[in-house]
Amino acid sequence: MKTMLFSVMLLALLMLGACETRTFEYVTTLSRTLDYTVDHEGAFNQTSVVTTSDLNDEMDLPEDAIIGEIYVEALAVAVENLSNNQATAVIMDGYANDRMFVNDLVSPIDPATYEFTAMANLVSAGVKAISDDLAAYFMTGSPPTIAFRLEGDSHPTPGETIHIRITIEVTLTVQYALETEFPDI
Amino acid sequence: MKGLVSFIVGVFILFLSINLRGQDFEDFMEKYTDVNGQSYMQPLADAFGANLNSGLYHNAYIQNNGFQLYLGIAVMNAVIPSRSKTFMGTTQGFFRPETRVKAPTIFGKSEVVAIQGEGQTYYTFPGGLDISNLPLAVPHLTVGALYGTDLTLRWMAYDLGKEVGRIQLFGWGLRHSLDQYLPLQPVHVAAGFYNQQFSVGDAVDASAWVANIQASYQWRFITFYGGLGYERSTLDIAYTYEGDDSKIAFDLTGDNTIRGTLGLTLNLGPMKLHSDYTLARQSLLTLGLGVGIGEIQKMGE
């Protein structure tokens with residue numbers, strides 16, 4: 001009987017206590033907004049710079065995280081009408097470190113509303129380049145910055161007085177792995 | 001905070017004996033502040049609630065008036081069904097096009113699921129713990145009997161410091177003998193109701209109750225027992241994600257309702273070793289070990 005009871009207790013302890021090192025995959029998502037105030041007549045060119053180390057700090061990944069894929073999950077844009085603006089819409093190209101990630105993006109300017117919408121006309125190579133730059137930063141610490149540049153004009157009539165605030169929201173996802181002591185269940 | 005959320009998972013997985021690291025739970029949940037999070041966590045509510053409502057009896061014999069006592073530990077193991085390892089997740093936010101995809105739950109595969117959208121964008125669904133069992137161990141005391149009624153208590157509490165707070169389980173149950181009214185000998189029948197509350201600081205609040213009809217039959221030193229029950233459980237999780245101070249809150253209701261249990265107890269003198277299987281939407285196996293006094297009907301009673 002002692003043997004049986006001991007066996008039962010041992011079984012319970014093993015069930016509760018046996019651990020193994022396992023690798024779990026996680027994702028962390030970060031949204032960063034970029035602001036551009038355009039006060040210009042006709043074609044404009046504005047740049048907002050993101051410091052990659054800031055993104056890293058905001059993600060606050062565990063020190064022993066094994067970084068996997070880095071993705072751009074979404075890009076969204078909102079346009080706010082400011083005083084004396086004459087344009088009803090703008091048409092823009094967007095560049096990240098000089099690689100185009102959005103082409104001929106038309107954003108209406110509605111004085112009554114200010115809300116984000118998903119960007120249309122994304123350029124696959126440019127979006128991937130953002131991911132690649134971030135991946136390179138995590139691997140090598142370079143590039144230290146990503147410059148997001150917008151080039152545009154009023155639409156459909158170019159050359160109008162534009163006084164707007166453009167906000168771009170970039171949503172990034174980092175996939176990473178951690179090794180953890182975990183019960184064998 | 002990270003210590004707190006880590007401990008939440010620790011408690012759920014092994015109650016007190018898991019060695020899960022600091023930030024893991026928050027890492028798992030970070031993506032899920034939306035509707036997908038509810039589905040991601042639902043199987044945990046199902047399994048945890050089913051575990052709480054188990055191991056509550058191992059016979060149905062209750063004296064009319066007399067001293068009867070059982071003190072032991074019950075180890076429950078919810079076997080996670082394959083359907084509880086995935087859910088249909090929907091992409092959120094500005095990812096286009098909106099897509100539905102089969103994604104892992106908290107118990108599902110540990111690999112991240114990534115789907116491609118417009119312009120080389122990707123939406124990711126977090127992986128799970130990749131486990132097939134959720135065990136839970138609780139101490140258990142049943143004492144009686146007065147007018148064919150006994151009282152069951154489950155209690156444990158431990159203060160884990162300022163950051164985590166107090167972990168506490170309190171459960172009670174009342175059980176009344178029916179065979180004192182009905183000519184059912186040698187089968188014993190009782191009706192029981194059990195209610196349990198479980199909390200971890202301010203972050204976790206779980207409750208479970210079950211009402212059941214129990215029956216048992218004694219053959220030599222073996223007691224065969226079983227029961228039919230109706231159960232409900234809830235699991236509320238709320239915490240502040242330290243990344244951006246966003247609130248994460250899930251109010252989950254366990255799927256289990258009807259449960260049927262079959263088991264047997266080995267009466268080895270005062271030592272009781274019992275095991276049963278509960279068939280329900282979330283099925284589980286229970287193993288119990290304890291000391292019992294006055295639990296077997298004496299000849300001639």
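This is a short walk through a predicted model, chain by chain and residue by residue.

Okay, let's start with how far to trust chain A. Its mean pLDDT is 87, and 89% of its residues reach 70 or more. The caveat sits at the start of the chain: over residues 1-10 of chain A, pLDDT stays under 50, and the model has 10 contacts beyond four places in sequence for that stretch. Where pLDDT is low, the predicted coordinates should not be read in detail. I'll leave that stretch there.

Now, the core. The largest nonpolar core has 86 residues. Which strand gives the largest share of it? That's S8 of chain A, with 10 residues. The members that touch the most other members are A:Leu75, A:Phe101, A:Met119, A:Phe148, A:Ile166 and A:Ile168. Take A:Ile166 and look at who is around it. Leaving out residues up to four places away in sequence, A:Ile166 touches, among others, A:Leu34, A:Tyr36, A:Val38, A:Phe44, A:Val77, A:Val79, A:Met92 and A:Leu150. There is an acidic residue on that list too, A:Asp35.

Let's stay on S8 of chain A for a moment. A:His163 is in this strand. Buried or exposed? A:His163 has 16% relative accessibility, so it counts as buried; the cut-off for that is under 20%. Beyond four places in sequence, A:His163 touches A:Val38, A:Asp39, A:Glu80, A:Asn81, A:Leu82, A:Ser83 and A:Asn85.

Another one in S8 of chain A is A:Thr171. With a relative accessible area of 7%, A:Thr171 is buried too. Its side chain makes a polar contact of 3.2 Å with the side chain of A:Ser31. A:Thr171 is also in contact with A:Thr29 and A:Leu30, and with the run A:Tyr71, A:Val72, A:Glu73 and A:Ala74.

On to the aromatics. How many aromatic pairs are there over all chains? The structure holds 13. Here's one to pull up on screen: the ring centres of A:Tyr26 and A:Tyr176 are 5.5 Å apart and the planes sit at 25 degrees, so this pair is stacked. The two tyrosines come from distant parts of the chain, with A:Tyr26 in strand S1 (residues 19-41) and A:Tyr176 in strand S8 (residues 161-183), 150 residues apart. Both A:Tyr26 and A:Tyr176 are buried.

Chain B has an aromatic cluster, made up of B:Trp172, B:Phe193, B:Trp209 and B:Tyr230. And there are arginines sitting over rings. In chain A, A:Arg149 lies over the face of A:Tyr95, 4.4 Å from the ring centre. In chain B, B:Arg220 lies over the face of B:Trp219, at 5.6 Å from the ring centre.

Next, a residue in chain B that I'd like you to look at: B:Gln214, in strand S10 (residues 204-219). It's a polar side chain, so where does it sit? At 0% relative accessibility, B:Gln214 counts as buried. What do the side chains of B:Tyr194 and B:Asn212 do here? B:Tyr194 joins B:Gln214 through a polar contact of 3.0 Å between side chains, and B:Asn212 does so through a side-chain polar contact of 3.0 Å. Beyond four places in sequence, the contacts of B:Gln214 include B:Tyr57, B:Asn59, B:Arg175, B:His188, B:Gly192 and B:Gly226. One more distance for B:Gln214: its C-alpha is 9.9 Å from that of B:Leu262, 48 residues along the chain.

Last bit, some backbone oddities. In chain B, the peptide bond from B:Gly144 to B:Ala145 is cis, with omega near 0 degrees. B:Ala145 is in strand S6 (residues 133-146). There is also a cis peptide bond between B:Gln185 and B:Pro186, with omega about 10 degrees. B:Pro186 is in the loop between strand S8 (166-177) and strand S9 (187-200) of chain B.

Over in chain A, A:Asn84 is not a glycine, yet it has a positive phi of about 65 degrees. A:Asn84 is in the loop between strand S3 (66-81) and strand S4 (89-96), and it counts as exposed at 66% relative accessibility. A:Asp104, also not a glycine, has a positive phi near 50 degrees. This aspartate is in strand S5 (residues 99-108) of chain A. A:Asp104 is partly exposed, with a relative accessible area of 39%.

That's my tour, thanks.

Definitions and conventions. Residues numbered from 1 in each chain as written. Chains lettered and ligands numbered in written order. Predicted model: local features only at pLDDT ≥ 70, side-chain atom pairs only at ≥ 80, totals over all residues. Heavy atoms only, no water. Phe/Tyr/Trp six-rings, centres within 6.5 Å; stacked < 30°, edge-to-face > 60°. Helix = DSSP H or I, 4+ residues; strand = E, 2+ residues; numbered from the N terminus. Buried < 20%, exposed > 50% of the residue type's maximum accessible area, 1.4 Å probe, protein only. Lys NZ or Arg CZ within 6 Å of the ring centre and 35° of its normal. Core = buried A, V, L, I, M, F, W, Y, C linked by side-chain atoms within 4.5 Å. Contact = heavy atoms within 4.5 Å. pLDDT = per-residue confidence, 0-100. Polar contact = N/O pair within 3.5 Å; in protein donor to acceptor, adjacent residues only side chain to side chain.
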